[in-house]
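User: I should like to go through the strand pairing and helix packing of this model. Please reason briefly before giving each answer.
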Amino acid sequence: MPSLAPVVALLALLAPALCAAEPPLPPPSATYAAFAPERSRELERPLRYRPDGADFVIENGREFFNRPLYGTNTAFRVDAGDRPEWSLYLPGRGGNLRLGIVDDDGSVRWLHDAARIVTRYRPGAMRHEIEDPALGDGAALVVDSIPCAESEGLVVRATSRGLARPVQLGWAYGGASGQRGKRDGDIGTERVPIGEYFQFSAENARDQAFTLSPDGSFSLAAPRATLRGVTLPPSRLAVVPAERWASPFALPAPDSAPASPILAGRVGLSDDAPAYLWIERASAEVAAPTAAALPSRFAAAEARRLRIQNQVTISTPDPFLDASVGALNIAADAVWDEKEGAVMHGAVAWRMKLLGWRGPYVNDALGWHDRARRHFTYWAGQQKPGEIPSELPPPEEETNLSRSRRALHAPGAMSFNHYDMNLVYIDALFRHLLWTGDLAYARQVWPVIERHLVWERRLFRREFGPEKLPLYEAYACIWASDDMQYHGGGVAYSSAYNHWHNLMAARLARLVGADPSPYEKEA
């Protein structure tokens, strides 16, 4: 061990200077004091939402479109927000919807400008409780919005109380251009905030056409989809130019169809009769609802929402924790894609099938074991067959020698990108088998596990020290991967994965009639 004598001698020399009293700092000048920063404002993180049972509540919040309301396990969604306006996403813009109180002269007080708005995100739905002089003293309007239960759409219910005079509820809808965001409208990925990005613009209403029916229903022929809707009671409908988005009721409707149309409707409000509005993507598989069916369709959407919200519930002394679980259930359901039979990487951005990372764990944790099995079976079918080559291919010049895709995509691989996503897939698969005890399925996927362990060992096992003890390289295999360096060395977390996987493989080998000794030795 190096001697500490030189350090001690240096400290002895410096001690008088270190211990000498420093001269007092001069008082700040008036100029400096005027511009001195107020640090507390920079450090404060004000709590915007508070829990109330299962709801998250904010009063007079500022944000538009910051709360996705996920639909029926597809890429369709509705973006709601603190303020009552909605953006449908197909994916791609599916149009904006806004509500307001319309006076006899056609002027409108949009609900997002109301004097008092209490917004409740109840997982999977949104409730806006609105008070404003346009409704009258002591009157209130409650607007509930929920994704449809059987189709890609939105159902809205408006309920009034305390109305002392007739009030008309107006609404405007349009702008279904199908334009996609950089990451499908994820927060923080556009040049402007999402609350600004998803605002209506006349450009997004071009090359579209509304068709109105005598029963009060309507359809919109848009570039990427046909949308349809109906209201109860039937609305008085008018197709007007998109430039009148802010005031669509003030002037009569034009005689000819505008080049960029929007639809404006109005309906009378009554304390004893809610008003309903339904907008959905037209589908041959799902019949369009009639106006009379809207209350039952709304009830079905609410029943579906509650079923998902209550998939798992907890009761603790912490109201934030209790409320968060319902929101987690909704988000976990949102990353499942029923058509693909797989967990998506994200419910908004990156809505694509991606083998590894953390999404697949939610299915077993929340009791959706059938979904978990479908996900694992899909990816098991993607595993590359064949004999593993005896030598690793060298790094490739086209990647500046940073990787060897030929080595990574050898037999045993299941995901053909620049990550080791096998590792987390196998981890989730073992935990699925532990959750379910499904030995028949374990026998079915045992060859997948065997091929993976051979592939993982060949590519990422590194020996260290005179004892040749193994560690495993981390080749982009965990959540923080994109912000980490890779240099061929073994690390703790990928080694911990492989240690446990080999322990589990040995345990499973005995149950399926295979030899456990190679896996026990490696662990």
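User: Which residue in β22 stands opposite F464?

Analyst: In this predicted model, β21 and strand β22 (residues 469-473) run antiparallel and are joined by four bridges. Within β22, the residue opposite F464 is L469.

User: Which strands stand at the edges of the open sheet in the order β21-β22-β23?

Analyst: The three strands of this open sheet pair in antiparallel fashion. An edge strand has a single partner, so one side of it is left without a neighbour in the sheet. The strands in that position are β21 (461-464) and β23 (490-491).

User: What angle does the direction of helix α12 make with that of β22?

Analyst: Helix α12 (residues 492-512) packs on this sheet and touches β22 and β23. Relative to the direction of β22, the direction of α12 makes an angle of about 110°.

User: Which are the edge strands of the open sheet of 10 strands?

Analyst: The order of this sheet is β1-β2-β8-β9-β10-β11-β18-β15-β14-β13, and the pairing is antiparallel. On average, neighbouring strands are turned by 20° against each other, direction ignored. The strands that pair on one side only are β1 (50-52) and β13 (209-212).

User: Which residue in β18 does T231 stand opposite?

Analyst: Strand β15 (residues 226-232) and strand β18 (residues 275-281) run antiparallel, with six bridges joining them. The residue in β18 that stands opposite T231 is L277.

User: At what angle to β2 does helix α6 run?

Analyst: Helix α6 (residues 319-334) lies across β1, β2 (55-59) and β8 (116-122). With respect to β2, helix α6 runs at about 105°.

User: Why is α8 described as oblique to α10?

Analyst: Helix α8 (residues 369-380) packs with helix α10 (residues 422-436), and their axes are 11 Å apart. Angles over 145 degrees count as roughly antiparallel and 65 to 115 as roughly perpendicular. The angle between these helices is about 140°. That value therefore makes α8, relative to α10, oblique.

User: Is the crossing of α8 and α10 left-handed or right-handed?

Analyst: The two helices meet through side-by-side lists of residues: H369, A372, R373, F376, W379 and A380 in α8, and Y425, A428, L429, H432, W435 and T436 in α10. Their crossing is left-handed.

User: How many nonpolar, polar and charged residues does the contact of α8 with α10 have?

Analyst: Among the residues that meet are F376 and W379 from α8 and L429 and W435 from α10. R373 in α8 also takes part. By class, the contact has eight nonpolar, three polar and one charged residues.

Conventions. Residues are numbered from 1 along each chain as its sequence is written. This is a predicted model: local features need pLDDT of at least 70, side-chain atom pairs count only at pLDDT 80 or more; totals for chains, interfaces and linings use all residues. Side-chain values use heavy atoms; hydrogens and water are left out. Two strands pair if DSSP finds at least two bridges between them. Axes are lines fitted to C-alpha atoms, for helices over the stretch in contact, and angles run from 0 to 180 degrees between N-to-C directions. Contact means heavy atoms within 4.5 Å. Angles under 35 degrees count as roughly parallel, over 145 as roughly antiparallel, 65 to 115 as roughly perpendicular and the rest as oblique. A crossing is left-handed if the near helix is turned anticlockwise from the far one by less than a right angle, and right-handed if clockwise. Ala, Val, Leu, Ile, Met, Phe, Trp, Tyr, Cys and Pro count as nonpolar, Asp, Glu, Lys and Arg as charged, and the others, Gly among them, as polar.
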